[in-house]
Amino acid sequence: MRDFFRRTGVLTKRNLKEIARDPLSLIFMIALPLIMEVMFYYIFHDLTEQFAINVLAPGIVVFSQSFLTLFTGLLISVDRSTSFLKRLYVSKARSHEFIFGYLFALLPISVLQSVLFFVVGGLIDSSFWSFKMILGIAGGVMSSLLFIGLGILFGSLCNEKSIGGVSSIIITGQSVLSGMWFPTEGMSEGFLTVMKIMPFKNATMLVSNLVNGFENVLPDVIFPLIIVAAYTFVAFAAAIAVFKRKMKSK
Amino acid sequence: MIAIKTEKLRKEYKDLVAVDDLDLEIYEGELFALLGVNGAGKTTTISMLTGLTEPDGGDALVFGHSILREMNEIKSFIDISMQETAVARKLTVDENIEFYAELNGLDKETIKRVKNEIYESFGLKIVANKQAAKLSGGWQRKLSIALSLVTNPKILFLDEPTLGLDVIARRELWKTIKGLKGKMTVVLTTHYMEEAEALSDRIGVMKDGKLLFVGIKEEMFEKTKKTNVEDAFIEIVGGGEINA
């Protein structure tokens, strides 16, 4: 157990440094969503409720998390392509320690995203300040697990050239199927059903309802949480299976 | 003492037999060069001995431990330097060494000592605070090999260590590899025949997964009636099986 914590800690520290020293990852995970939050609020909030800060901020939190998939995947695929991971496979580190190492390195970034975009939301519109922000941050951690899990899965499957394209499916999915950029009223039943069964709208709903408050815990929090957790579980199960297989080629 | 003993070690990929019932002995403290053309089975052999690939048949004993059943024990006294440079790109040279040492459970005092030893033998001190990604190919390769020495392994596998390096960087690495002789068992695969000639105590030649020759250089020359490793190698791989 002591070896598990030591090795996971060492891997986490290294992964965090790799990501923090990549200016592109900071631009896409932090700067771009921040600019979007401020810009979209000031341009559109008078025109539509969709861009009121209580709707926009949680949407931006989950949208920014979709980039966690890209940069987790990129880190792993580069580690694989340079044989860095192969070298570590010869050490005594186990597959689950590698996966925790990636996960724990990305979690502080997801917390930073939630805190930053909620705080900026509060600075833009003081009515947004609330102790419920803490609940929103907790919800953000839950939804970020999904995107990190997908990143580990894609990074284990794709090379560094294809990871961008594959991850963009998740970023696009989060943009189009979350309902954060446009109202969902009046959309076709089929499209709404797809949105309901996919994790993107549920992740956004979860964070939004936690930070803004909810009327009924079951449909507003528990159901979205179950759907997000189910996708997260599948993503991690697949990621662990693929990562293990890649560790020891048959 | 025998460091590595393979017994009918075998690896197949669909229709291809990558390693064909390999029987080989490598002795403790020697520098053993495994030669062969592309696809001869050298890297696959090393992959099986280091636990990166599971064999389809046979077994190998590494200091008496079976690669099938005791890989975890084996991992505590082996290390490998890959064909490709394998370093953490955004970490500095210093951080790379520290990371690898910590991952392998070295204490702070040992890490400090190991760092100094590596800086001295590889000349890495002058680039210690540079990110690995910003180093030239030669420096990155040096760091990659240096990392494999952090744990002071009993057996070091060097898979094409000088591939893609210029002649100066290659000669510098030769010096470093020569310095390891006697301190640990080194298994080297290479395409460069002059490298094998300059560095190795014994040579093994593989072709199509089979071991065609194993012995010292002089035996190789005697068997083939040639006077250098390159000509002897061509004679062996082109001229059929020659038993040592």
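**Figure 1. Glu95(B) is buried, with a relative accessible area of 17%.** The model shown here and in the other views is a predicted one. Because the limit for a buried residue is under 20% relative accessible area, Glu95(B) falls in that class. Its partner Arg21(A), at 29%, is partly exposed. The two side chains meet in a salt bridge, with N and O 2.7 Å apart. Arg21(A) sits in the loop between H1 and H2 of chain A, and Glu95(B) belongs to helix H3 of chain B, so this pair joins two chains. Side chains of opposite charge can pair when their charged atoms come close.

**Figure 2. Chain A and chain B meet at an interface that buries about 2900 Å² between them.** Carbon and sulfur atoms account for 56% of this area. Of the area that chain A buries against chain B, 27% comes from Arg21(A), Arg87(A) and Val90(A), more than from any other three residues. The contact involves 25 residues of chain A and 35 residues of chain B. Across the interface there are 3 salt bridges and 14 residue pairs in polar contact. On the side of chain A that touches chain B, the elements giving two or more residues are helix H1 (2–20) and helix H4 (84–89) of chain A. H1(A) gives the most, with 8 residues. By type, the residues on this side of chain A are 8 nonpolar, 4 polar and 13 charged.

**Figure 3. Helix H1 of chain A has many neighbours that cover its buried residues.** Among the buried residues of H1(A) are Phe4(A), Val10(A), Leu11(A) and Ile19(A), and also Arg7(A), Arg14(A) and Glu18(A). Their cover includes helices H2 (23–44), H3 (53–81), H4 and H5 (95–124) of chain A, together with helix H3 (93–103) of chain B. The 19 residues of H1(A) should span 27 Å at 1.5 Å a residue, and the C-alpha atoms at its ends are indeed 27 Å apart.

**Figure 4. Asp3(A) and Arg6(A) form a salt bridge within helix H1 of chain A.** Their closest N and O atoms are 3.2 Å apart. The two residues are 3 apart in the helix, which means a separation of about one helical turn. Asp3(A) is partly exposed at 41% relative accessibility, and Arg6(A) is partly exposed at 28%.

**Figure 5. A salt bridge in chain B pairs Lys5(B) with Glu25(B).** The closest N and O atoms are 2.9 Å apart. Lys5(B) lies in strand E1 (residues 2–13) and Glu25(B) in strand E2 (residues 16–27) of chain B; 20 residues apart, they link distant parts of the chain. Lys5(B) is partly exposed at 29%, as is Glu25(B) at 28%.

How values were computed:
Residues numbered from 1 in each chain as written. Chains lettered and ligands numbered in written order. Predicted model: local features only at pLDDT ≥ 70, side-chain atom pairs only at ≥ 80, totals over all residues. Heavy atoms only, no water. Contact = heavy atoms within 4.5 Å. Buried area = accessible area lost by both parts, 1.4 Å probe. Salt bridge = Lys/Arg side-chain N within 4 Å of Asp/Glu carboxyl O. Polar contact = N/O pair within 3.5 Å; in protein donor to acceptor, adjacent residues only side chain to side chain. Helix = DSSP H or I, 4+ residues; strand = E, 2+ residues; numbered from the N terminus. Nonpolar A, V, L, I, M, F, W, Y, C, P; charged D, E, K, R; others polar. Expected span 1.5 Å × (residues − 1). Buried < 20%, exposed > 50% of the residue type's maximum accessible area, 1.4 Å probe, protein only.
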